Amino acid sequence: MAGKKVLIVYAHQEPTSLNGSLKKVAEDELSRQGCTVTVSDLYSMNFEPRATRKDITGACSNPEFFSYGVEAYEAYKKRSLARDIIDEQKKVQEADLVIFQFPLYWFSVPAILKGWMDRVLCQGFAFDIPGFYDSGFLKGKLGLLSLTTGSTAEMYTKAGVSGDFRYFLWPLQHGTLHFCGFKVLAPQISFAPEYASEEERKGMVASWAQRLKTIWTEEPINCTPPWYFGQ
């Protein structure tokens, strides 16, 4: 939709991968709609995933004992966080929709994307206590996970060997995005591209592009335990 701003946080090393194609088609389709699209390509940015003392540019509030969460909170308030964190926070702040594009690693995000979440979504910026879940500071924004898996769709069912795919979405969609106030749109899961034919992979990209045409009319999921684990 014209005038909307989208941030794609992209975590894959290979531009010609399926993740690369999904990122590119999202960029193309959303730009075509008149959206402003920004991409944080974490690997090519050589994004630092480690949460360390270096993230605080000024003096620590407690030089005797280093607590990352406390110091990041204080540094956020004093505008003394590291430049790369501030840059990403600005992109998030401006976005109406944040899309995370990544391959599933161990039922979770790759380390570089986990580090982005650890460092960028700090207290004071994304949430406070109180000020989380429905009162999280990023409320009014949409969040969406677009991911690829190694295992097949059959393996990610309640009766499958990996359990329902919704189980692994709980810490990411609920514990991270919803915690920070995001309204969560249904995930886009491209199952087992490595075992798919070229034709099927093209279909995965096409169905994502098709969905994005009407993304602004979608209702968020009901991000509560029953969505993930049943009644």
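Biologist: Where does alanine 192 lie in this model?

Modeller: In this predicted model, alanine 192 sits in the loop between β6 (188-190) and α6.

Biologist: Why is alanine 192 called buried?

Modeller: Buried means under 20% relative accessible area. Alanine 192 has 6% relative accessibility, so it counts as buried.

Biologist: What is notable about the phi of alanine 192?

Modeller: Alanine 192 is not a glycine, yet its phi is positive, about 45°. Most residues other than glycine have a negative phi. Asparagine 46, also not a glycine, has a positive phi of about 55°. Asparagine 46 belongs to the loop between β2 (36-41) and α2 (68-77).

Biologist: How do you know whether asparagine 46 is buried or exposed?

Modeller: The cut-off for exposed is over 50%. Asparagine 46 has a relative accessible area of 67%, so it is exposed.

Biologist: What makes lysine 213 partly exposed?

Modeller: Partly exposed covers the range between under 20% and over 50%. Lysine 213 has a relative accessible area of 42%, and is therefore partly exposed. Lysine 213 lies in helix α6 (residues 198-213) and touches Glu29, Arg32 and Gln33, not counting residues up to four places away in sequence.

Biologist: Why are α3 and α4 called roughly perpendicular?

Modeller: The axes of helix α3 (residues 83-94) and helix α4 (residues 111-120) cross at roughly 90° and come within 10 Å. Angles of 65 to 115 degrees count as roughly perpendicular, so α3 is roughly perpendicular to α4.

Biologist: Which residues of α4 make the contact?

Modeller: Trp116, Arg119 and Val120 of α4 meet Asp84, Ile85, Glu88, Gln89 and Val92 of α3.

How values were computed: Residues numbered from 1 in each chain as written. Predicted model: local features only at pLDDT ≥ 70, side-chain atom pairs only at ≥ 80, totals over all residues. Heavy atoms only, no water. Axes fitted to C-alpha atoms, helices over the stretch in contact; angles between N-to-C directions. Helix = DSSP H or I, 4+ residues; strand = E, 2+ residues; numbered from the N terminus. Parallel < 35°, antiparallel > 145°, perpendicular 65-115°, else oblique. Contact = heavy atoms within 4.5 Å. Buried < 20%, exposed > 50% of the residue type's maximum accessible area, 1.4 Å probe, protein only.
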